[in-house]
Amino acid sequence: WKADAQLRYCHAILREFAKKANTEFMFPFLEPVDWVALNIPDYPKIIKNPMDISTVRKKLEEGEYENASQFEADVRLVLWNCFKFNPVGTPVHNMGRRMEQLFNTKWAD
Ligand SMILES: Cc1ccc(Nc2c(-c3ccc(O)cc3)nc3c(C)cccn23)cc1
């Protein structure tokens, strides 16, 4: 039951990420980074484990997470990839910081 309650909580966090009010800083993370469309060809050389919120949602819905920690690890991977590729001070880096604050606030509840 414990794991089940945790996983229901994960859905609540994904709903928060998907809220219209949060799109202004969530949009770079909602879908896989399309490094061709974004014209960042070195992305796959720098980021070895791409992750995004749509992939996290699919894994959650397909029961790939046995517990909330595995879910949390993938959300943090989205953030780490963002901070690794987008230097401090860039717009997308700052959006990642806002996503991180939102996640930490909700996750700590
Ligand atoms: C030339 C250049 C420089 C930076 C970016 N970053 C970036 C990223 C991104 C997200 C997560 C991530 O781990 C890495 C990159 N997503 C975007 C989007 C959606 C629009 C514009 C810029 N974006 C794009 C092009």
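**Contacts around the ligand**

Q: How far does a backbone N or O atom of C82 lie from an oxygen atom of the ligand?
A: The model is predicted, with local features needing pLDDT of at least 70 and side-chain atom pairs pLDDT 80 or more, while totals for chains, interfaces and linings use all residues. Residues are numbered from 1 along each chain as its sequence is written, and side-chain values use heavy atoms, leaving out hydrogens and water. For C82, a backbone N or O atom is separated from an oxygen atom of the ligand by 3.4 Å.

Q: Which residue has a side-chain N or O atom 3.1 Å from a nitrogen atom of the ligand?
A: A polar side-chain atom of Y43 lies 2.8 Å from a ligand oxygen atom, a polar contact being a pair of N or O atoms within 3.5 Å. The side chain that lies 3.1 Å from a ligand nitrogen atom belongs to N86.

Q: What share of the ligand's exposed area does the protein bury?
A: Taken alone, the ligand exposes 530 Å², an accessible area found by the Shrake-Rupley method with a 1.4 Å probe. Of that area, the protein buries 69%.

Q: Which helix gives the most residues to the shell around the ligand?
A: The residues around the ligand, including F27, P28, N81 and F85, each have a heavy atom within 4 Å of it. Among the helices (DSSP runs of H or I, at least four residues), helix 2 and helix 5 each supply at least two residues of this shell. The largest contribution, 3 residues, is made by helix 5.

Q: How many residues of the shell are nonpolar?
A: The shell has 2 polar residues and no charged ones. Its nonpolar residues number 9.

Technical notes. A polar contact is a pair of N or O atoms within 3.5 Å; within protein, one must be able to donate a hydrogen and the other to accept it, and residues adjacent in sequence count only if both atoms are side-chain atoms. Ala, Val, Leu, Ile, Met, Phe, Trp, Tyr, Cys and Pro count as nonpolar, Asp, Glu, Lys and Arg as charged, and the others, Gly among them, as polar.
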